[in-house]
Amino acid sequence: MPEFPGYCGGANPSLPVIKVKAVTMRNNAILQTLVGPGEEHTTLAGLPTEASIWNAVEAAIPGFLQNVYAHTAGGGKFLGILQVKKRQPADEGRQGQAALLALATYSELKNIILVDEDVDIFDSDDILWAMTTRMQGDVSITTIPGIRGHQLDPSQTPEYSPSIRGNGISCKTIFDCTVPWALKSHFERAPFADVDPRPFAPEYFARLEKNQGSAK
């Protein structure tokens with residue numbers, strides 16, 4: 001079975017080999033288990049990551065962090081999406097502090113993506129939209145090499161980069177996709193007017209209201 005990052009790990013003598021001689025099954029049996037790597041597996045792995053980051057950042061910068069998502073693409077451990085809200089000019093730069101707190105709190109984190117409160121952190125398209133339209137590589141990316149990560153990431157090896165001194169050492173990266181406070185008025189998302197759908201499908205909504213009334 002692959003490890004949570006999506007790669008097969010090496011053989012380990014500490015892992016026993018099981019030889020099956022017979023299999024029996026109860027009638028109408030129900031088996032519930034996790035098979036990784038998959039979203040169910042990595043979502044569960046991400047819950048303690050998210051809680052640890054939230055508690056640390058909230059304690060240091062109350063009210064600044066709006067939400068956190070340990071993205072399943074990172075196995076619930078390697079990739080953190082932090083949604084922050086700049087409330088005043090003095091909050092500019094605190095997004096970097098939040099990212100550093102997250103990296104210090106959960107050592108297995110490798111990459112942090114910072115976004116504003118108007119970005120849906122559970123929608124990868126929205127995250128990539130923010131990265132595309134609210135980030136410039138020369139000023140928005142911070143790298144921190146030589147930091148302990150996780151040895152199950154196959155890129156965290158000396159063979160991958162001479163800068164890595166040993167297995168499980170990584171270059172942590174912060175992608176700041178938040179809008180600078182002074183430019184917030186230039187980055188307002190296009191609004192959409194609320195539309196009442198009932199005039200366009202009156203029969204459908206009449207049946208819907210009738211069914212809801214009978215249900216009561």
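This dialogue introduces the fold, extent and surface of a predicted model.

Reader: How many helices and strands does the chain have, and in what order do the elements run?

Author: One begins by counting the elements and then follows them from the N terminus. In this predicted model, there are five helices and five strands. Their order along the chain is α-β-β-α-β-α-α-β-β-α.

Reader: Is the chain spread out or compact?

Author: The radius of gyration may be set beside the value from the globule rule. Here the radius of gyration is 23 Å, well over the 17 Å that the rule gives for 216 residues, so the chain is more spread out than a compact globule. The C-alpha trace spans about 70 × 60 × 30 Å along its principal axes.

Reader: What share of the residues is buried, and what share of the accessible surface belongs to carbon and sulfur atoms?

Author: Of the 216 residues, 34% are buried. The accessible surface amounts to about 14300 Å², and carbon and sulfur atoms contribute 56% of it.

Reader: How many positive and negative side chains are there?

Author: The chain carries 19 positive and 24 negative side chains. The centres of these two sets are 7 Å apart.

Reader: Where is Ala 190 found, and is Ala 190 buried or exposed?

Author: A single residue is read by its place and its accessible area. Ala 190 belongs to the loop between strand S5 (169–176) and helix H5 (202–215). Its relative accessible area is 60%, over the 50% cut-off, so Ala 190 is exposed.

Reader: What distance separates the C-alpha atoms of Ala 190 and Pro 13?

Author: These two residues are 177 residues apart along the chain, and their C-alpha atoms are separated by 57 Å.

Terms used. Residues are numbered from 1 along each chain as its sequence is written. This is a predicted model: local features need pLDDT of at least 70, side-chain atom pairs count only at pLDDT 80 or more; totals for chains, interfaces and linings use all residues. Side-chain values use heavy atoms; hydrogens and water are left out. Helices (H or I, at least four residues) and strands (E, at least two) are DSSP runs, numbered from the N terminus. The radius of gyration is taken over C-alpha atoms; the globule rule is 2.2 Å times the number of residues to the power 0.38. Buried means under 20% relative accessible area, exposed over 50%, partly exposed in between (1.4 Å probe, protein chains only). Accessible areas come from the Shrake-Rupley method with a 1.4 Å probe; for residues, only the protein chains shown count as cover. Lys and Arg count as positive and Asp and Glu as negative; His and the chain ends are not counted. The place of a charge is taken as NZ of Lys, CZ of Arg, CG of Asp or CD of Glu.
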